Amino acid sequence: MARTVPSRKALRPSRPRSLSALTTVALALTVGALLPALAPATDDAKAGEDAKAGEKVLTAAVSQSVDSLSPFLAQRLISTSVLRLMYEYLTDYDPKDGHAIPGLATAWKTSPDKLTWTYTIRGDTTWSDGQPVTAQDAAWTFNTMMSDRGAATANGSFVSNFKRVTAPDPTTLVVELERPQATMTALDVPIVPEHVWKKVGDFTKFNNDQRFPVVGDGPFVLTDYKVDRYIKLKPNKRFWRGAPPFDQLVFAYYKDNDAAVAALRKGEVSFVPNVTPAQASSLKSTAGIKVDDAPGRRFLALAVNPGARSRDGRRFGDGNPALLDPAVRRALFASVDRTMLVDKVFQGHAVEGEGYIPPRFADYFWRPAPDQKIAYDPGRAGALLDRAGYPRGADGRRLGKDGEPLALRLLCHAIDPNDKAISKYLQEWWGKLGIGLTVDCVDNVTDPWMAGEYDLALDGYSVSPDPDYVLSIHTCAALPATPQVSGQTDNFVCDKRFDALYAEQLAEYDTAKRADLVKQMESRLYDIGYVNVMAYPNAVEAYRTDRIESITTMPEAAGNIYGQDGYWSWWSARPAPGSAARAHGDASAGLVLGIVAGVIVLAGLGSFLLLRRRAGADDRE
């Protein structure tokens, strides 16, 4: 990867401060000055022109900022979700149970030695500009990732074992491997049009967000994008499965989840993801709004900085060295009451964390054995620290090996309402253990994270039916090549035993044997102690039934709408009879009103503590 890491200055979290009357006035004036920029004037009014009167517009509220709309760079959930709408993959995941089904490829087979895979590519598919989609486009996509480090930024792990990729004819793609690879029907790589992308010079700088419409072959065509404002797409009339029923799909950006829910109530948006328990309870009693609450595909974990390093062996960052001691990590984990987090923070809309893969993926779900599990036991946690040489001082605080009080920092997301609540519990529990905790919820966690400038962090990833990718980000190969660039690594974990198991599962074609190897990897990751899963949050979402008549969840029986492993929800969504959703300009107006209302509330509560900024993103895919 070639994204430059910013200068590494120590994190100094801003302390919450009371708003004086003068500060309140200044804040109001500041927001007033910002209103012209936020109001749906030039950009939104112009963008709204493409939603003609009577057209069916599906507007979904989102809070995460796009990192890139390039298939070679995008890693955040919002970005990869949009790319699934713009480009086909070789194979798709069935919305019923997640098994591999035809996508761009109609069929596939492997050689007896499992080192050569041959895909049959559709012969009747075209790009949105009318050019034919061929096997050469797929070959060019993979070869570019194999030969250009910048193009391998997001999905390089999928092709690291590729030896050669060719297209002997327009409907045949041949991939030769160095070693057998079990993920060949789960290559989550968007196939791009060679005739467009071969003109790109530096893949690390091209974000695919300046010229519209963007040429693709997925169910939608990207027609407009404004940073932290909106993403607009229209149906691809050439899509081989058929065009989506809605006339336009808009992802409207809301920094504040409360403002998004208010917009849903007023009909300014049709869908809101990541609904809080309190919001879900209120929305369930609202006519015309349906709340979906289903097992999620994400995990929420505590990630511990193991000492950031690059593949060339150089160390960087400023992680607390006390966390390199397994006893300290186990003591911290043993002080986390997962039951309370599920009951109090998620109000029952989650499952207690155990292994790395969520229980929704039953074949790969693992839980620690009773004698292996780090259960909630504050007394045992304290004893661990005592034996490891971290005694309490006269003031009750634990002393580190240097004789100084043991104090840690926690990195978290400013826009996630759960992060702040969880952080408060951690401060309380670890405070009783004698360890201080400074919480730093920021808009952009990526920069300090990739710079190794944190002690602990609240981490989360969306897991796919094939778990290879979320396992690969904990291998040594995922570390950045040098301290000056970022890598695919999630948390700088590098363990030889884990790597050996990863290579073994990647080459195992027997599904039962592979699942067992994956569970061994989860066990190893658990024992290493740098990633500890606290909960598996449900996917709690809400949409207007007077705008959306039906929409496909994944899995279909009980699953999520937003952030699927595919395009099924937005492609299948059917407008309610007689509905004609508003253009996005209305949604922006709702956002401005939400901000103004927030200023009024602040003005009335001069002593209100400004605990966090409501911008930024859940930065992990």
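Okay, let's start with contacts: of those in this chain with a separation of 6 or more, 73% are between residues 24 or more positions apart. Keep in mind throughout that this is a predicted model. The chain has 621 residues, and 57% of them are buried. For secondary structure, we get 17 helices and 21 strands. On the outside, the chain exposes about 24,800 Å², with carbon and sulfur atoms supplying 53% of that.

So, aromatics next. How many aromatic pairs does the structure hold? The count is 22. Let me show you a couple. Take F72 and F203: the ring centres are 5.1 Å apart and the planes sit at 75°, which is over the 60 degrees needed, so we call this pair edge-to-face. Now look at where these two come from. F72 is in the loop between strand 1 (57–62) and helix 3 (77–86), while F203 is in the loop between helix 5 (194–197) and strand 8 (220–226). That's 131 residues apart in sequence, so the pair ties together parts of the chain that are separated by that stretch. Buried or exposed, for F72? Buried, with a relative accessible area of 1%. F203 is buried too, at a relative accessible area of 6%.

The second pair I picked is F316 with F492. Here the centres are 5.6 Å apart and the planes are at 80°, so this one is edge-to-face as well. F316 lies in the loop between strand 13 (298–304) and helix 8 (326–334), and F492 lies in the loop between helix 13 (468–472) and helix 14 (496–506). The sequence gap is 176 residues, so again a ring pair ties together separate parts of the chain. Both F316 and F492 are buried.

Back to F72 for a second. Ring pairs link F72 and F203 into a cluster along with W140, W197 and F206.

And rings have charged company in places. R122 lies over the face of W240, 3.3 Å from the ring centre. Then there's K232, whose charged end sits over the ring of Y230, 4.9 Å from the centre of that ring.

While we're around F72: the helix on the far end of its loop, helix 3, has ten of its ten residues buried, so helix 3 is largely enclosed by the rest of the structure. If you want to click through them, the buried residues include L77, V82, L85 and M86, but also S79, T80, S81 and R84. Yes, the arginine as well: R84 is on the buried list.

Okay, sheets. There's an open sheet of four strands, in the order 4-5-7-6, with antiparallel pairing. Which strands stand at the edges? Strand 4 (105–110) and strand 6 (162–169); each has a single partner strand, so one side of each is left without a neighbour in the sheet. From one strand to the next, the twist averages 20°. In the middle of that order, strand 5 (residues 116–121) and strand 7 (residues 172–177) pair antiparallel over five bridges. If you want a landmark there, find W117, which stands opposite V175 in strand 7. Helix 4 (residues 135–147) then lies across strand 5, strand 6 and strand 7, running at about 160° to strand 6.

Now strand 13, which we passed on the way to F316. Seven of its seven residues are buried, so strand 13 is largely enclosed by the rest of the structure. Both faces are covered: R298, L300, L302 and V304 are buried on one side, and F299, A301 and A303 on the other. What about the strands next to strand 13? Seven bridges join strand 13 to strand 17 (residues 456–462), running antiparallel. Strand 18 (residues 531–537) is also antiparallel to strand 13, joined by four bridges. L302 is a handy place to see both pairings: its bridge partner in strand 17 is L458, and in strand 18 it stands opposite N532.

Last stop, D516, in helix 15 (residues 511–528). D516 is partly exposed, with a relative accessible area of 42%. In sequence, D516 and Q505 are eleven residues apart; in space they are 8.6 Å apart, C-alpha to C-alpha.

That's my tour, thanks.

Definitions and conventions: Residues are numbered from 1 along each chain as its sequence is written. This is a predicted model: local features need pLDDT of at least 70, side-chain atom pairs count only at pLDDT 80 or more; totals for chains, interfaces and linings use all residues. Side-chain values use heavy atoms; hydrogens and water are left out. Rings of Phe, Tyr and Trp (its six-membered ring) pair if their centres lie within 6.5 Å; planes under 30 degrees apart count as stacked, over 60 as edge-to-face and the rest as tilted. Helices (H or I, at least four residues) and strands (E, at least two) are DSSP runs, numbered from the N terminus. Buried means under 20% relative accessible area, exposed over 50%, partly exposed in between (1.4 Å probe, protein chains only). A charge sits over a ring if NZ of Lys or CZ of Arg is within 6 Å of the ring centre and within 35 degrees of the ring normal. Two strands pair if DSSP finds at least two bridges between them. Axes are lines fitted to C-alpha atoms, for helices over the stretch in contact, and angles run from 0 to 180 degrees between N-to-C directions. Contact means heavy atoms within 4.5 Å. Accessible areas come from the Shrake-Rupley method with a 1.4 Å probe; for residues, only the protein chains shown count as cover.
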